[in-house]
Amino acid sequence: MVFLTTKMMQRTALFVTFGGFVTSLFTTFLPFWKTMNSDLNEVENWFSGLWHMCLYTEEVGIQCKAYDSVMGLPVDLQISRVLMFVSLGTGGLAILAAFPGLEGVKMFVGQPNMKRGLLIFAGVMTWVSGLTTLTPISIVAYTTVVEFWDEGFPDVMPRWEYGEAMFSGWFGGLALVIGGTLFFVAVCMGDYDQRSLSIPHSHQAKRTQHYLKTEVL
């Protein structure tokens, strides 16, 4: 417990948040949200993301094409685009707000309330970023499962399945939620340290006041 200081907790929270932010950033633009291969043609693999549809063949490699129209996209992809951008915006804002709020950073020196407020704001924004990452991933995962088990499609028709980006998105979202929680833990630890420092000073002030009264008497 000696190494678990407020300063260390703040930096751990920032490190976890930054890792979740970078993972969510890559997830947003990777075209591997869903994958599909056919038993009839095993040399072709299809990949789908928020921005591109890709085809991989052994002869040519991977070829990607952007979607022709935004309005022609399924509703889950449209919602996922918006939410992932909200996640990236709030995550970046959380990192920018948390850095000057760290102990040891020579910004807002002598303003502990300002640093405390920045860490609380960073924690809230990190939570929002994590939830807005997990939500679109879960929506796409749900629609993928529903379409996979849809009995209206013939059995020979290939189905979309989970891609690698889905799992990286879940990991990034959970990392952001954990990072936001660690920010609040760091704030609570800082408040406890401040109370621990103020108690001896208050006792010393009372003892000094008692001595002064004794001398007067």
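Is Trp 170 buried, exposed or partly exposed? With a relative accessible area of 25%, Trp 170 is partly exposed. Please keep in mind while browsing these views that the model is predicted.

**View 1. Phe 167 and Trp 170 form an edge-to-face pair.** Here the ring centres of Phe 167 and Trp 170 lie 5.9 Å apart. Their planes meet at 65°, over the 60 degrees that edge-to-face calls for, so the pair gets that label. Both residues sit in helix 4 (residues 164-216), 3 residues apart, which means about one helical turn separates them. Phe 167 is partly exposed, at 48% relative accessible area, and Trp 170 is partly exposed at 25%.

**View 2. Phe 29 and Trp 51 stack across distant parts of the chain.** The centres of these two rings are 6.2 Å apart. Because the planes are at 20°, under the 30 degree limit, the pair counts as stacked. Phe 29 belongs to helix 1 (residues 6-29), while Trp 51 lies in the loop between strand 2 (44-48) and strand 3 (52-57). In sequence, 22 residues separate the two. Phe 29 is partly exposed, with a relative accessibility of 45%. Phe 85 joins Phe 29 and Trp 51 in one aromatic cluster. If you would like to hunt for others, a search of the whole structure finds 8 aromatic pairs.

**View 3. The largest nonpolar core draws on four helices.** This core has 16 residues. Those with the most contacts inside it are Leu 14, Phe 21, Ala 98, Leu 102, Leu 119 and Phe 183. Helix 1, helix 2 (75-101), helix 3 (112-148) and helix 4 each contribute at least two residues, and helix 4 gives the most, with 5 residues. Zoom in on Ala 98 and you will find it touching Leu 14, Leu 119, Ala 122 and Phe 183, leaving aside residues up to four places away in sequence.

**View 4. A second nonpolar core is separate from the largest one.** It has 11 residues. Among them are Leu 50, Leu 73, Ile 137 and Ala 165.

**View 5. Ser 129 is a buried residue of helix 3.** How much relative accessible area does Ser 129 have? The value is 1%, which is under 20%, so Ser 129 counts as buried. Around Ser 129, the contacts are Ser 87, Thr 90, Gly 91 and Leu 176, again without residues up to four places away in sequence.

Conventions
Residues numbered from 1 in each chain as written. Predicted model: local features only at pLDDT ≥ 70, side-chain atom pairs only at ≥ 80, totals over all residues. Heavy atoms only, no water. Phe/Tyr/Trp six-rings, centres within 6.5 Å; stacked < 30°, edge-to-face > 60°. Buried < 20%, exposed > 50% of the residue type's maximum accessible area, 1.4 Å probe, protein only. Core = buried A, V, L, I, M, F, W, Y, C linked by side-chain atoms within 4.5 Å. Contact = heavy atoms within 4.5 Å.
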